Amino acid sequence: MNVSPRASQLLASGGEAVPVPRVPRVKISKLSKRYERRGVLRSIDLELYPGERVALLGANGAGKTTLLRILATLSRPTSGTVSIAGHLTHKTAQAVRSQVGVVAHQPYLYEDLTAEENLRFFARMYSVSDERSRIDEILFMVGLISRRDDRVGTFSRGMQQRLAIGRAILHKPALLLLDEPDSGLDREGARVLERILGYQRTTEGTVLMTTHDLRFGLSTADRVLLLENGKIVLDAPAPSLDEDELDERLSRR
Amino acid sequence: MRDGLDKISIIVWKDLLTEIRTKELFGGMFIFAVLTIITFNFAFDMTGTAKAASGAGAMWVAFNFAGFLGLGRSISLERDKGSFDGLLLCPVDRGTIFLGKFIGNLLFITLVELISVPIFAALFDLDVFQPLLLLALFLGTLGFAAVGTLLAVMAASTRSREVLLPVLMFPILLPVVIASVRATTLILTRQTNDLSAWLNLLGAYDVLFLAISYAVFDRVVEE
Amino acid sequence: MIVKGKSSWASGVGLVLGLLSAITMAIGMYLGLVYAPEDAIQGNAQRIFYIHVPMAWVAFLAFGVVFLAAIMYLWKRALIWDQIARSSAEIGLVFTTLVLVTGSFWGRPIWGTWWTWDARLTTTLLLWFIFLGYFMIRAYAGDRGRAATYSAVIGIIGFFDVPIIYLSVDWWRTLHPQAVISVTSANMPGQMVVALMVCLLAFTLFYLYLMIQKLGIERMKDQLIDYQYALSEREAEGVTTA
């Protein structure tokens, strides 16, 4: 497995955190989110670095999706700050949005438009330069080049998910947020995801993904975060973790 | 500015293309408008001297009902399939998104009106082919679409969107209904002396409520 | 403890306002029912105006407060502005209802009808519906922040809309000639003016008194939610550390 410089450094020091002289891509400080009577996130401090692949684990209702939505500027923090690529989400949300790509539970696609039209729409919304060749490139990457002129409504769930991944990386985001990208993904989709994750690594892109599948998370990510009751209770390099132990911890609640 | 216009036109292009494919919104609205007009023929006396006044009233009620139908659907389609979040993720000013959706709605409703008006004229034997009527239609529809787009977005994320949209919209739209019906009646009977006052009222309402809707949209869509 | 001090301060002011409004209200009633002369044309029915006009004033004042508080809420996102707005809106809704009812009581003997589509009446009715929409969207909005934002939008749009409604209905009427009895006589006797002024003052004080009471209740409701939140936070704390 490919190991990031940071992860290898951590491994070399026996799992102990060594200060890395790099500028974090994402800096979250004292982030809390509350929905009226219920707290969802509780004073989270977190830094994510360029090129890092981070898996966010946690039981249902632990706050994974909420954290992703806040990073995507779809939701406002109740308190605390989030800065992405040097921009504060609550101050310069637009600048943040152009740096973030999102794959969520819903594909964010228009079913009555073709695959190509969907990509063209989002390419223009994101002001992607060299739109035509970028769309071709994406369609090729996600293996839908032969279906480019078919309406997305006719696609299978797996194909829609692939196109959704393509849509999310269209503007070469510095931060890619994936909410359970492995669910509903066909075999071709898994390959596409792997390719795209590799690509993000070569371009120093940060990836944060939630997943239910522990094995998938541990094998894909170089760093694992465990969210429990809106708090990060574990932050460790993936290779240092034992799957069974983690599994037990996850199913305990 | 130019970039903003560019983004607005892309959103409108997307909505138009979707509509051309499905004809869902347009077909429903058009049939609804014509059926309402036909029903009014039996509810009101459309033969006497007050024909123009009842006709104008029937026409605007039909257009407003059809408009409700269109607004509700155009927004809930985005909300239901979650694509509205996809739109909000784009690095585009939220006001721009509002203007895009607003112009799309304005186009659809105006198109339905333009096709219904000749049918209306034929059914009630009214002299509708006047350029001023186009202006009245446009101004009346603009105010409707501006307030309607904002309120439909709000209503769509509540538990009772079908009830809420008309309850919120009818009181707020009353001036537009009054002014449009009056202006249309005056145009149909070719009395143009008071017309400019009504058109000015419509214009002022349009500018004011378009500005307010644009200004508050950012707050309405944030979570 | 600070909260407690604040609320006792508010209840002190509330008490003073309540007493003041009760006293002026009593004086106003005396002036309106005894001191002011009987109207030459309308007879004693005219006396309902000493409560009807002040109620209408309070209804529109309440709406103005909703508007300002709504702007402040959308600007600052501070909960206090929503508390002010929703308190005032509730008082406004009650007073708008009372205005419509007392107006009908007067209209029946004088106009010979409970209702007429005059500009003032129509505008008041529409104001009532806008207030109703204000509370409906709050009820259906789901969470507190969304309820506050959506209702603030209704408050702002409604405020701008009301004068336009008045204008459009007024123009509509003037184009449809109809016997509309003017309700404001240009030369009211001096005693009537005095009585009306005192009643206006009394109802304004009453509005302020109700505002303080209502605001206290609304603040408490939000505090309760905050306490429930704090409690759930404590529980969650226990779970994580256990």
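Modeller: Two residues are in contact when they have heavy atoms within 4.5 Å of each other. Keep that in mind as we look around this model, which is a predicted one.

Biologist: Let's start inside chain A. What makes domain 1 and domain 2 of chain A separate units here?

Modeller: The bounds come from an automatic or database domain assignment. That assignment gives domain 1 as 23–99 + 173–253 and domain 2 as 109–172. The C-alpha centres of these two domains of chain A lie 24 Å apart.

Biologist: How many residues of domain 1 of chain A are in contact with domain 2 of chain A?

Modeller: With the 4.5 Å limit for heavy atoms, 19 residues of domain 1 of chain A touch 16 residues of domain 2 of chain A. The area buried between these domains is about 1400 Å², and carbon and sulfur atoms give 64% of it. On the domain 1 side, A:Pro173, A:Ile196 and A:Tyr199 supply 35% of the area buried against domain 2, more than any other three residues.

Biologist: Why do people quote an area for an interface at all?

Modeller: The size of an interface is often given as the accessible area lost when the parts come together.

Biologist: Why is the pair A:Asp186 and A:Arg162 called a salt bridge?

Modeller: A salt bridge needs a side-chain nitrogen of Lys or Arg within 4 Å of a carboxyl oxygen of Asp or Glu. In A:Asp186 and A:Arg162 the closest N and O atoms are 3.0 Å apart, so the pair meets the 4 Å limit. The rule finds one salt bridge across this domain interface of chain A. There are also three residue pairs in polar contact between the two domains of chain A. Helix 7 (residues 187–202) of chain A gives the most to the domain 1 side that touches domain 2, with eight residues. By class, that side of domain 1 of chain A has nine nonpolar, five polar and five charged residues.

Biologist: Now to chain B on its own. How do you know whether chain B is compact or extended for its 223 residues?

Modeller: We compare its radius of gyration with a rule for globules. For chain B the radius is 18 Å, close to the 17 Å that the globule rule gives for 223 residues, so chain B is as compact as a globular protein of that length. The C-alpha atoms of chain B fill a box of roughly 55 × 30 × 30 Å along the principal axes.

Biologist: Which elements make up chain B?

Modeller: Chain B has eight helices and zero strands. Read from the N terminus, its elements run α-α-α-α-α-α-α-α.

Biologist: How many residues of chain B are in contact with chain C?

Modeller: Here 31 residues of chain B meet 31 residues of chain C. The area buried between chain B and chain C is about 3000 Å², with 76% from carbon and sulfur atoms. In chain B, the residues that lose the most area to chain C are B:Pro171, B:Arg182 and B:Arg219, together 18% of what that side buries.

Biologist: What makes B:Glu222 and C:Arg77 a salt bridge?

Modeller: Their closest N and O atoms are 2.7 Å apart, so they pass the 4 Å test. Between chain B and chain C the rule finds one salt bridge, and six residue pairs are in polar contact. Helix 6 (131–156), helix 7 (161–188) and helix 8 (195–221) of chain B each supply at least two residues to the side that touches chain C. Helix 7 of chain B gives the most, with 11 residues. By class, this side of chain B has 23 nonpolar, three polar and five charged residues.

Biologist: And what area do chain B and chain A bury between them?

Modeller: They bury about 2700 Å², 60% of it on carbon and sulfur atoms. Of the area that chain B buries against chain A, B:Leu89, B:Pro91 and B:Glu223 supply 28%, more than any other three residues. The contact takes 26 residues from chain B and 29 from chain A.

Biologist: How many salt bridges are found across the interface of chain B and chain A?

Modeller: The rule finds two. One of them joins A:Arg69 to B:Asp85, whose closest N and O atoms are 3.1 Å apart, so this pair also falls within 4 Å. Six residue pairs are in polar contact across the interface of chain B and chain A. Helix 1 (2–22) and helix 4 (83–89) of chain B each supply at least two residues of the side that touches chain A. Helix 1 of chain B gives the largest share, 10 residues. That side of chain B divides into 10 nonpolar, five polar and 11 charged residues.

Definitions and conventions. Residues are numbered from 1 along each chain as its sequence is written. Chains are lettered from A and ligands numbered from 1 in the order in which they are written. This is a predicted model: local features need pLDDT of at least 70, side-chain atom pairs count only at pLDDT 80 or more; totals for chains, interfaces and linings use all residues. Side-chain values use heavy atoms; hydrogens and water are left out. Buried area is the accessible area (1.4 Å probe) that two parts lose on being put together, summed over both. A polar contact is a pair of N or O atoms within 3.5 Å; within protein, one must be able to donate a hydrogen and the other to accept it, and residues adjacent in sequence count only if both atoms are side-chain atoms. Helices (H or I, at least four residues) and strands (E, at least two) are DSSP runs, numbered from the N terminus. Ala, Val, Leu, Ile, Met, Phe, Trp, Tyr, Cys and Pro count as nonpolar, Asp, Glu, Lys and Arg as charged, and the others, Gly among them, as polar. The radius of gyration is taken over C-alpha atoms; the globule rule is 2.2 Å times the number of residues to the power 0.38.
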